[in-house]
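Trainee: I should like to learn how a ligand site and a helix are read from a model. May we begin with the ligand?

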Amino acid sequence: MSRVPIERDVPLAGRTTLGLGGPARYLARATEDAHILQAVRHAADRGLPLALLAGGSNTIVLDEGFRGLVLSIETTGHTLAPMDDGRVAFRVKAGTPWPEVVSLSVAQGLAGLECLAGIPGSTGATPVQNVGAYGQEVADTLVEVRALDRSTLDEVTFTRDACEFAYRSSLFKRDPHRYVVLEVTLALTPGGPPAVRYAELERAMAALCPDGRPSLQQVHDTVIALRRAKGMVLDPSDPDSQSAGSFFTNPIVSAGEAQQVRERAIAAGLVTDGAQVPSWPESGERVKLAAGWLIERAGIQKGLRRGAVGVSSKHALALVHHGGGTTAELLALAEEVAAGVQEVFGVRLEREPQVLTGVLA
Ligand code: EPU
């Protein structure tokens, strides 16, 4: 077992997909599980706050950086093993890039992750915010999370139910500084059919496969194409992809609030019929609204620029850094967008990406 390497004054901007923010006073690069425990102990022994950084695709680093120890999770690797029920247990180390995990599962003919193709970030982060797209979410296939409990320094194993998954949320997100995810186990179905249940994906697959029997690979590739058209695939040649994906979650409101939004949209002349406001039923008679729709209809145009930051020209829900900007500019734009939606629709948007913060161990 080697010692975890710890560097000083390390720029963090390049470790995030937004490319913004200041340096870490210290950065520990954990390439083995044991390094993670060592880094947590190192921070605790020295009274340093500790922050976690994984793929950096959902992280906002403040301009002042982080004056503590940033623990970079870089453990990689996976195993595949048959399960008693005929599925295959895909056990993946936290630092493994998620797009590789999805591609590999599809190449092996394992169904369950194909709609989650092209989502940047690392595997350990996926249960934290219950990553989802195109009708699938990690909670659908996840069976187990192994994590380090920072409060006891013990390893703990969570079953799927214990993770308390919800839309873009979990136990790990609600108690953000307590656990470090070490490994995720997904149960995938050999030879299973792809999940085609998101309207936009259904339309694309019907056009591509008139026989109605698309392969996992076709669905995987189509999802990537749909994401690319929205600037949601990392691509140095696409200036809209320097972002954190969706900057806000889709608001989940009561039936009464949803009705008020429809009435406001009609009163403002944005729609002629409340049914034209995109919405989806959620459990408990709650309603999910489309944040991207609300943003555009609040008068915030795709492609809007505020200095070095702006709204993606392809999708109103993504805020983009065009280079040479600051996190303060980005957060000011986020506030402008949220205030615009609040004024027109009376709905408060919540930020999706997390600010890199830490606590004393
Ligand atoms: N819409 C607009 N204008 C826009 C964007 C969207 O009017 O600029 C409307 C669309 O016409 C549609 C609705 O909003 O009626 C929903 O749009 P879309 O299908 O693009 O999905 P989304 O709700 O904006 C969510 C996820 C994405 C995920 C897609 C596909 C959240 C916060 N975002 O976006 O996830 O890829 O669905 O499943 O739930 C991410 O979390 O970073 C992310 C990219």
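Trainee: How far from an oxygen atom of the ligand does a polar side-chain atom of Tyr167 lie?

Mentor: A polar contact here is a pair of N or O atoms within 3.5 Å. For Tyr167 the separation from a ligand oxygen is 2.8 Å. Asn250 also places a polar side-chain atom 2.8 Å from an oxygen of the ligand, and for Arg227 the value is 3.4 Å. The ligand taken alone exposes 820 Å², of which the protein buries 82% (Shrake-Rupley areas, 1.4 Å probe). This is a predicted model, in which local features need pLDDT of at least 70, side-chain atom pairs count only at pLDDT 80 or more, and totals for chains, interfaces and linings use all residues. Residues are numbered from 1 along each chain as its sequence is written, and side-chain values use heavy atoms, without hydrogens and water.

Trainee: Which element gives the most to the shell around the ligand?

Mentor: Helices (H or I, at least four residues) and strands (E, at least two) are DSSP runs, numbered from the N terminus. Helix α7 gives the most, with four residues. The shell residues divide into eleven nonpolar, six polar and eight charged, with Gly counted as polar.

Trainee: Which residues of α1 are buried?

Mentor: An α-helix has 3.6 residues a turn, so residues three or four places apart point the same way. In α1, the buried residues (under 20% relative accessible area, 1.4 Å probe, protein chains only) are His35, Ile36, Gln38, Ala39, Val40, His42 and Ala43. They pack against strands including β1 (6–11) and β5 (66–73) (contact: heavy atoms within 4.5 Å). Just after α1, Gly47 takes a positive phi of about 65 degrees.

Notes:
A polar contact is a pair of N or O atoms within 3.5 Å; within protein, one must be able to donate a hydrogen and the other to accept it, and residues adjacent in sequence count only if both atoms are side-chain atoms. Buried means under 20% relative accessible area, exposed over 50%, partly exposed in between (1.4 Å probe, protein chains only).
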